[in-house]
Amino acid sequence: MLLIKNGHIKTMAGPDLPCGCVLVDAGKIVAVAENIDAPAGAEIIDAEGRIVAPGFVDAHCHIGLHEAINGAAGSDVNESVDPTTPQMRAIDAIEPRDEMFQFAREAGITTAVTGPGSANVVGGTFTAIKTYGTRVDKMIIKDPVAMKIAFGENPRNRYGGMNKSPKTRMGVAAVLRELLFKAKRYQLDTDAALANPDEKAPTFDMKLEAMLPVMRREIPLKAHAHRADDIFTAIRIAREFDLKITLDHCTDGSLIAEELVEENLPVFVGPSLGSKSKYELKNKSFETPGALARAGVRFGIITDAPVIPLEYLPLCAGLAIKSGLDYDTAWRAITIDPAELVGIGDRVGSLEPGKDADIVIHNGDPLLDIGSCVYKTIIDGTVVVG
């Protein structure tokens with residue numbers, strides 16, 4: 001057992017406890033309270049007034065698939081030979097020993113939702129993992145969590161340059177619709193065969209088989225979309241096929257905040273740090289999170305690592321605060337809100353009994369003190385930093 005005492009507890013499930021305790025046993029949080037008597041034999045960590053918070057959650061990155069050392073040898077993020085590759089699985093390309101995982105832990109990021117890039121219209125499945133481990137199978141929180149799709153410049157430029165479809169935004173939408181039409185028919189035929197032994201099952205198709213969890217609404221589409229028109233196209237197509245969807249990047253979100261409130265879809269904002277490297281990023285700004293929050297949109301802040309190194313997730317939240325985002329909302333945007341929007345809020349994102357003991361003790365406030373560092377990072381009840 002492990003007892004953390006004398007900490008400023010940010011539970012993210014209710015009000016802060018200015019001086020409180022967290023009790024951990026067998027990798028789970030057992031209790032969170034102002035006072036907890038130390039059980040016999042428990043290890044005790046005196047937080048000495050430091051912030052004690054849930055580990056940070058990044059809801060969209062490519063950690064493990066795109067390693068810290070750039071170049072083809074370190075990147076397995078895009079199977080960019082075919083615009084539709086739903087059969088790709090992130091878990092088959094993650095390298096847990098990449099140094100980005102260590103950097104993430106040292107910054108208090110304990111959960112990463114990682115997966116394929118955006119070269120393809122349909123790229124494959126994302127997974128939610130812990131940032132500590134040597135074998136990805138033992139790091140998984142939930143797999144799969146979503147099917148990656150992409151709109152805009154990335155797939156258009158990748159395949160237009162090869163003189164094949166898609167060359168335009170119309171082409172991107174058409175390629176996606178074609179796959180979804182085929183997947184819907186495949187699902188109906190498969191379900192009919194499962195329900196009635198006399199019905200002939202469709203000829204096995206690996207791509208369409210991979211799409212079944214999407215068509216059955218078991219996982220959402222994870223839509224890479226920066227520009228407002230791409231965001232609306234993503235929503236339109238999801239509605240056509242009655243599919244779940246999340247809106248990732250959402251660079252133009254502040255321009256259409258009222259529309260996004262009406263849609264009530266999960267939104268993940270970023271990467272907001274760095275240059276406007278392509279035309280569709282012309283409205284990139286740290287003011288977007290604040291504008292979405294004021295409109296009533298629930299969202300998570302993301303790094304899209306390695307576009308922004310994963311360890312800068314709290315910095316991004318801090319810069320959003322500087323640009324108008326409410327402090328408490330900023331904390332939620334990198335803890336409980338992304339966890340719940342991804343569908344892993346039962347495991348991570350807050351300090352509550354029954355949840356995984358992913359706990360970070362901070363020296364200073366990680367959202368306000370740029371020079372602050374982590375005192376201890378705890379994942380599944382084990383101290384992995386400090």
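## Helix α8 and its surroundings

The buried residues of helix α8 are covered by several elements, including β6 (56-61), β7 (109-114), α7 (288-295), β13 (299-301) and α9 (327-332). Here, buried means under 20% relative accessible area, with a 1.4 Å probe and protein chains only, and covering rests on contact, that is, heavy atoms within 4.5 Å. Helices (H or I, at least four residues) and strands (E, at least two) are DSSP runs, numbered from the N terminus.

How many residues of α8 are buried? The helix spans residues 313-322, and 7 of its 10 residues are buried: L313, P314, C316, A317, G318, A320 and I321. After α8 comes G324, with a positive phi near 115 degrees.

## About the model

This model is predicted, so keep its rules in mind: local features need pLDDT of at least 70, side-chain atom pairs count only at pLDDT 80 or more, and totals for chains, interfaces and linings use all residues. Residues are numbered from 1 along each chain as its sequence is written, and side-chain values use heavy atoms, leaving out hydrogens and water.

## The largest nonpolar core

A nonpolar core is a set of buried Ala, Val, Leu, Ile, Met, Phe, Trp, Tyr and Cys residues joined through side-chain atoms within 4.5 Å. The largest one here has 78 residues, and M211, L260 and I301 touch the most other members. Helix α3 (residues 169-195) gives the most to this core, with 8 residues.

Take a look at L260: leaving out residues up to four places away in sequence, L260 touches I231, I235, L247, C250, G253, L265, L292 and V297.

Methods:
Buried < 20%, exposed > 50% of the residue type's maximum accessible area, 1.4 Å probe, protein only.
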